[in-house]
Amino acid sequence: MKYIDEYRNGRLARDIARQIALTADPARSYHFMEFCGGHTHVISRYGLEDLLPDNVRMVHGPGCPVCVLPIGRIGAAIALAMRPEITLCTYGDLMRVRDKNGWSLLKAKAAGADIRMVYSTLDALKIAEAEPQREVVFFAIGFETTTPPTALVLKTAIAKGLGNFSIFCNHVLTPAAIHSILESPDVSKPGTIKIDGFIGPAHVSAVIGTKPYEFFAEKFRKPVVVAGFEPLDVIQAVLMLVRQINDGRHVVENQYIRAVTRLGNVKAQAEVANFFELRESFEWRGLGELPLSGLRLRPRYAAYDAENRFSMVTVTAEDNPACECGSILRGVQKPADCKLFGRVCTPDTPMGSCMVSSEGACAAHWTYGRFRTKARQPDAGRAVA
């Protein structure tokens, strides 16, 4: 297939759904976690769960970078932005996430902080070049997908000799989160949440390859299928997982062969390794402190590290006790299980991070899934156009 419409072909989707129904053993159930927020979005948007038989279920994982950013890091960014000499550059999704005091970057901007929304790391660099009297800080978040652009912007800043540019680094690592989920009591204790396999992330895998998932497949005996972002990619990955379960196999398979290799983008990995090193631990929203799960700048680049340069302090803060984002990020609950969902928490009035980001499970369910009846039809092929 060459064109995007071909990956959204409803007839092919229904054919694969019928294969899943014929392949799945009616005497057992199948639970697959999609780790990536992009996959969560596709599943909700195209109604893929409605195509699956009742004994094949999807579990949403912590694959949205905005959703897993802890409240304390938001608070630290707001405190930094309130300093008069600072210009804080950030992506739009972060603007409305609240800290423990109910403040957001949007509210701080309204109060006078110089906070600017950017679309790329280079936008932040251009601001630093154009306004040398300002201290420009880029609020860097995301998984392995967004880390290489941060490395390259640092490389460019150093080459240009920009002394007024720095990074507030919040980059995190996918394998560490998968490891945490597999070892968490929610998954490891019998009778709790069940995960039989994973749909591996697309963009992340384009950078790191499929090799890092081989450890999970072997140690935890959980199959992994890396899938692309189109509906046919995802539903085909489900069929591949069902076949592995039936065969008693637990290996890493690559559905997204048009973009992902076993070793990934080696050049991007080298750039990241040059500028970043592992933190001993990093706090994830909903998952807590995870060892070796986050990145920071290497000491030789300390002058470009905002945490070092401005003596930033991050304080751990608890989520709103009524918000179920933590349980939703671990796959323990679904968005509709939260008593705030659709009442006081909507995309216009988000209470938790899963509703703030468009990749969040709550935002995806609000946009595409909230009107679906829970009673699932035997043949819901009409869900895909």
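Select Glu 307 and Arg 73 to begin: their side chains make a polar contact at 3.1 Å. The model on the screen is a predicted one, and each stop below names what to select next.

**Stop 1: the surroundings of Glu 307**

Keep Glu 307 selected and display helix α14, residues 306-309, in which Glu 307 lies. Then add Arg 279, whose side chain meets that of Glu 307 in a salt bridge of 2.8 Å, N to O. Arg 279 belongs to the loop between β10 (276-278) and β11 (281-284), whereas Glu 307 is in helix α14, so this pair ties together parts that are 28 residues apart in sequence. Is Arg 279 buried or exposed? Its relative accessible area is 10%, so Arg 279 is buried.

To complete the view, show the other contacts of Glu 307. Apart from neighbours within four places in sequence, Glu 307 is in contact with Ile 167, Phe 168, Cys 169 and Met 312, in addition to Arg 73 and Arg 279.

**Stop 2: Ser 311 and Leu 292**

Move along the chain to Ser 311, in the loop between α14 and α15. Its phi is near 50°, a positive value in a residue other than glycine. Ser 311 is exposed, at a relative accessible area of 57%.

Next select Leu 292, located in the loop between β12 (288-291) and β13 (295-297). Leu 292 is also a residue other than glycine with a positive phi, near 50°. With 49% relative accessibility, Leu 292 counts as partly exposed.

**Stop 3: the domains**

Color the chain by domain. Domain 1 comprises 4-65 + 182-254, domain 2 comprises 71-173 + 278-310, and domain 3 comprises 324-367. Between the C-alpha centres of domain 1 and domain 2 there are 33 Å. Their contact takes 9 residues from domain 1 and 7 residues from domain 2.

What is buried between these two domains? Together they bury about 650 Å², of which 83% is on carbon and sulfur atoms. On the domain 1 side that touches domain 2, there are 7 nonpolar and 2 polar residues, and no charged residues. The interface of domain 1 and domain 2 holds 0 salt bridges, and the count of residue pairs in polar contact between them is 1.

**Stop 4: helix α2**

Select residues 37-45, which form helix α2. Why is this helix described as largely enclosed by the rest of the structure? The reason is that 7 of its 9 residues are buried. They are Gly 37, Gly 38, His 39, Thr 40, Val 42, Ile 43 and Ser 44.

Now display the elements around α2. Its buried residues pack against the strands β1 (30-34), β2 (56-60) and β7 (197-200), and against the helices α3 (48-51), α12 (231-247) and α17 (361-369). Just after α2, select Gly 47, which takes a positive phi of about 60°.

**Stop 5: salt bridges across the sequence**

The whole structure contains 22 salt bridges. For one of them, select Glu 49 and Lys 334, where the closest N and O atoms are 3.9 Å apart. Glu 49 lies in helix α3 and Lys 334 in the loop between α15 (325-329) and α16 (353-356), so the pair ties together parts that are 285 residues apart in sequence. Glu 49 counts as buried at 19% relative accessibility, whereas Lys 334 is partly exposed, with a relative accessible area of 37%.

Then select Arg 262 and Glu 214, a salt bridge with the closest N and O atoms 2.8 Å apart. Arg 262 is in the loop between β9 (252-254) and α13 (266-275), and Glu 214 is in helix α11 (residues 214-219), so parts that are 48 residues apart in sequence are tied together by the pair. Arg 262 counts as partly exposed at 44% relative accessibility. Glu 214 is likewise partly exposed, its relative accessible area being 29%.

**Stop 6: Glu 131**

Finally, select Glu 131, in the loop between α6 (121-130) and β5 (135-142). Not counting residues up to four places away in sequence, Glu 131 touches Arg 116 and Asn 164. For a distance to display, choose the C-alpha atoms of Glu 131 and Val 153: these residues are 22 residues apart along the chain, and the atoms are separated by 17 Å.

Technical notes. Residues numbered from 1 in each chain as written. Predicted model: local features only at pLDDT ≥ 70, side-chain atom pairs only at ≥ 80, totals over all residues. Heavy atoms only, no water. Domains from an automatic or database assignment. Contact = heavy atoms within 4.5 Å. Buried area = accessible area lost by both parts, 1.4 Å probe. Salt bridge = Lys/Arg side-chain N within 4 Å of Asp/Glu carboxyl O. Polar contact = N/O pair within 3.5 Å; in protein donor to acceptor, adjacent residues only side chain to side chain. Nonpolar A, V, L, I, M, F, W, Y, C, P; charged D, E, K, R; others polar. Helix = DSSP H or I, 4+ residues; strand = E, 2+ residues; numbered from the N terminus. Buried < 20%, exposed > 50% of the residue type's maximum accessible area, 1.4 Å probe, protein only.
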